[in-house]
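Trainee: I am new to this structure. Can we walk through one residue and then the ligand site?

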Amino acid sequence: MTLTSTHTRLIDLLPTRVSDDNGLAQDVMQGLSQSPKKLSSRFFYDAKGSQLFQQIMQLPEYYLTKLEHQILEKQRKEILFAMDTHTPFQLVDLGAGDAYKTKLLLAELVASKADFSYVPLDISDDQLNLLLEDLHHRLPKLPVQALAAEYFQGLEWLNQNQRQRKVVLFLGSNIGNFDLEEARNFLCTLRQSLNPEDAFLLGLDLRKDPEKMRRAYADAAGVTSAFNLNLLHRINKELQADFDLDQFQHFAEYDPLEGTMRSFLISKINQKVHIEAIGQTFSFEAWEAIHTENSYKFSLRQVEEMAGACGFRVQDVFTDPSHGFADVLLRPV
Ligand SMILES: C[S@@+](CC[C@H](N)C(=O)[O-])C[C@H]1O[C@@H](n2cnc3c(N)ncnc32)[C@H](O)[C@@H]1O
């Protein structure tokens, strides 16, 4: 545990970080041994990946951040009122990143002298350290307890810390990176860690024109491509591999039947890649794909059903004027 100031501290719940690599080696070993090949999107966010994601959020094509920012900016008072933020609580932000949008709520809460502390959770401690630094300057009196943890470790932490009322945020359509069964498992596990007076605000990208969605995941300037390729660079760096990044290409497509945007890295040639840290060489055929990310797009009916099956009711739905994105306020029943 690192104490960063009187008001802020970072607690590390990632179990293997000193001796290991947070599971990167195991994920790479498993993912590249299977067919089709796969790498987990949770390893996108090293320092460089987090920086690239900041750039993605600024892209004209990346509507997700803009729409959710618009919802939180325009409706923040109603949202906070609906979450009962006039009684003391802990604000837990799952996958907080740089908390670009959460800061709208934090500023409003601080201005209204709400009695709360902020608990950002992220798998990237680089990201958390930057966030702590920023909050220390921006809102110096705000008590912050950052958790370096994987989502499900965060749910365990919630389970063990039920004494204070919780308002949980899961913004940015991060839930869309799970497949539907994982998403339901996540919601049901979260529900078990919450009490009836707690609240859960879930940010969701809604189904819309497939072309608009595809452009957001394959932008003209190539930033999402660099973001995906950075995963191979990270494996080269952390697991001493010899991926030639020029011989892989990024590709994204939307499946309207499943409502999933899928991202891939595709090998342009027949090639072999050696990964020293796991003592393995993997063969790639020309145009063979590595699946790197799913971004699931929801309908509101589906969310209501899934939440209901896990013991939540929909209290409010906050959307932007185009109904492209929704922040859904769920309450335990
Ligand atoms: C798409 S960003 C969203 C950030 C922010 N919540 C927003 O809405 O703009 C996803 C964040 O979740 C974190 N993340 C990804 N997978 C995670 C996991 N399995 N457990 C915890 N954090 C994770 C990443 O490090 C990254 O900062």
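**One residue, then the ligand**

Mentor: Start with a side-chain pair. This is a predicted model. The side chains of Q90 and Q164 make a polar contact at 3.4 Å.

Trainee: Where does Q90 lie?

Mentor: Look for the strand that covers residues 89-94. Q90 falls within that run, so by the numbering from the N terminus its element is strand 4.

Trainee: Is Q90 buried or exposed?

Mentor: Its relative accessible area is 8%. Buried means under 20%. Q90 is therefore buried.

Trainee: At what distance does a polar contact join the side chains of Q90 and K166?

Mentor: K166 is among the residues that Q90 touches, along with S117, V119 and W157. A polar contact links the two side chains, Q90 and K166, at 2.9 Å.

Trainee: Now the ligand. Which residues are closest?

Mentor: The ligand is surrounded by 18 residues. They divide into nine nonpolar, five polar and four charged. The closest are G95, K101, D122, E150 and Y151.

Trainee: How far is a polar side-chain atom of D122 from an oxygen atom of the ligand?

Mentor: Take K101 beforehand: an N or O atom in its side chain is 2.7 Å from a ligand oxygen. For D122, the distance from a polar side-chain atom to a ligand oxygen is 2.5 Å.

Trainee: What percentage of the ligand does the protein bury?

Mentor: Taken alone, the ligand exposes 600 Å². Of that area, the protein buries 94%.

Trainee: Which elements give two or more residues to the shell around the ligand?

Mentor: One is a helix, residues 47-58, and one is a strand, residues 116-122. They are helix 2 and strand 5.

Note on methods. Residues numbered from 1 in each chain as written. Predicted model: local features only at pLDDT ≥ 70, side-chain atom pairs only at ≥ 80, totals over all residues. Heavy atoms only, no water. Helix = DSSP H or I, 4+ residues; strand = E, 2+ residues; numbered from the N terminus. Buried < 20%, exposed > 50% of the residue type's maximum accessible area, 1.4 Å probe, protein only. Contact = heavy atoms within 4.5 Å. Polar contact = N/O pair within 3.5 Å; in protein donor to acceptor, adjacent residues only side chain to side chain. Near = heavy atom within 4 Å. Areas by Shrake-Rupley, 256 points an atom, 1.4 Å probe, with all protein chains shown as cover. Nonpolar A, V, L, I, M, F, W, Y, C, P; charged D, E, K, R; others polar. Lists of a residue's contacts leave out its neighbours within four places in sequence.
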